[in-house]
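The following exercises ask the reader to work from a set of coordinates to a description of the fold. Each task is followed by a solution in steps.

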Amino acid sequence: MHKKGVRIALTSVETEGIISQLADNIHQFHESVISLVTFDETDKLVRRIVLKIEKKDNVDRFLQKLNKSGFRILDIKEDKHRNQHHFPCS
């Protein structure tokens, strides 16, 4: 909870294997996962995911890969202990 990292909120269409696809992307970029939580939106068949990873120089490329893989990035925040910096998505 108090570990530094980049928190990424994203969504995807609720389909079988979506977490596995996310794991493949994480593995491909050698990301270190701090936490992963999923929520479902039952009325919309949408899966919400909050992923926190260690900050590395390749975060932008990782986010681009997630977009290409069908994930929609909702929000990105960098946690630096008690100070948080917010990076709005375009």
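A residue counts as buried under 20% relative accessible area, as exposed over 50%, and as partly exposed in between. The model treated here is predicted.

**Exercise 1. Classify His 30 by accessibility and describe its backbone.**

Step 1. The relative accessibility of His 30 is 59%. This value is over the 50% limit, and His 30 therefore counts as exposed.

Step 2. His 30 is located in the loop between helix 1 and strand 2 (33–41).

Step 3. Most residues other than glycine have a negative phi. For His 30, phi is near 55°, a positive value in a residue other than glycine.

**Exercise 2. Set out the secondary structure and the global figures of the protein chain.**

Step 1. The protein chain contains 2 helices and 5 strands. Read from the N terminus, their order is β-α-β-β-α-β-β.

Step 2. The protein chain has 90 residues, of which 32% count as buried. Its accessible surface is about 6,300 Å², with 49% belonging to carbon and sulfur atoms.

Step 3. Consider the contacts between residues at least 6 apart in sequence: 65% of them join residues at least 24 apart.

**Exercise 3. Determine which residues touch the most other members of the largest nonpolar core, and which elements supply it.**

Step 1. The largest nonpolar core has 17 residues, and Ile 8, Phe 62 and Leu 66 touch the most other members.

Step 2. At least two residues of this core come from each of strand 1 (5–13), helix 1 (18–28), strand 3 (46–53), helix 2 (59–68) and strand 4 (72–80). Helix 2 gives the largest share, 4 residues.

Step 3. The surroundings of Phe 62 can then be listed. Beyond residues up to four places away in sequence, Phe 62 touches Ile 8, Asn 25, Ile 26, Phe 29, Glu 31, Leu 51 and Ile 53.

**Exercise 4. Describe the packing of helix 1 against helix 2.**

Step 1. Two packed helices are described by the angle between their axes and the distance between the axes. Here the axes of helix 1 and helix 2 come within 10 Å and cross at roughly 150°.

Step 2. Angles over 145 degrees count as roughly antiparallel; helix 1 and helix 2 are therefore roughly antiparallel to each other. The crossing of helix 1 past helix 2 is right-handed.

Step 3. On the side of helix 1, the contact is made by Leu 22, Asn 25, Ile 26 and Gln 28; on the side of helix 2, by Phe 62, Lys 65 and Leu 66.

Step 4. Asn 25 also appears in the surroundings of Ser 69, a residue in the loop between helix 2 and strand 4. Outside residues up to four places away in sequence, Ser 69 touches Gln 21 and Asn 25. With 18% relative accessibility, Ser 69 counts as buried.

**Exercise 5. Compare the burial of Thr 11 and Arg 72, and trace their contacts.**

Step 1. Thr 11 is in strand 1 and Arg 72 is in strand 4. Although 61 residues apart along the chain, their C-alpha atoms are separated by 5.2 Å.

Step 2. At 8% relative accessibility Thr 11 counts as buried, whereas Arg 72, at 55%, counts as exposed.

Step 3. Neighbours within four places in sequence are set aside. Thr 11 is then in contact with Val 46, Arg 47, Arg 48, Gly 70, Phe 71, Arg 72 and Leu 74. On the same terms, Arg 72 is in contact with Ala 9, Leu 10, Thr 11 and Asn 67.

**Exercise 6. Assign Asn 67 and Ile 19 to an accessibility class and give a sequence-distant partner for each.**

Step 1. Asn 67 is in helix 2, and Ile 19 is in helix 1.

Step 2. Asn 67, at 45% relative accessibility, counts as partly exposed. Ile 19, at 38%, also counts as partly exposed.

Step 3. Asn 67 and Leu 10 are 57 residues apart in sequence, with 9.5 Å between their C-alpha atoms. Ile 19 and Ile 49 are 30 residues apart in sequence and 9.2 Å apart, C-alpha to C-alpha.

Step 4. Not counting residues up to four places away in sequence, Ile 19 touches Thr 38 and Ile 49. With neighbours within four places likewise left aside, Asn 67 is in contact with Arg 72 and Ile 73.

Note on methods: Residues numbered from 1 in each chain as written. Predicted model: local features only at pLDDT ≥ 70, side-chain atom pairs only at ≥ 80, totals over all residues. Heavy atoms only, no water. Buried < 20%, exposed > 50% of the residue type's maximum accessible area, 1.4 Å probe, protein only. Contact = heavy atoms within 4.5 Å. Areas by Shrake-Rupley, 256 points an atom, 1.4 Å probe, with all protein chains shown as cover. Core = buried A, V, L, I, M, F, W, Y, C linked by side-chain atoms within 4.5 Å. Axes fitted to C-alpha atoms, helices over the stretch in contact; angles between N-to-C directions. Parallel < 35°, antiparallel > 145°, perpendicular 65-115°, else oblique. Left-handed = near helix turned anticlockwise from the far one by under 90°.
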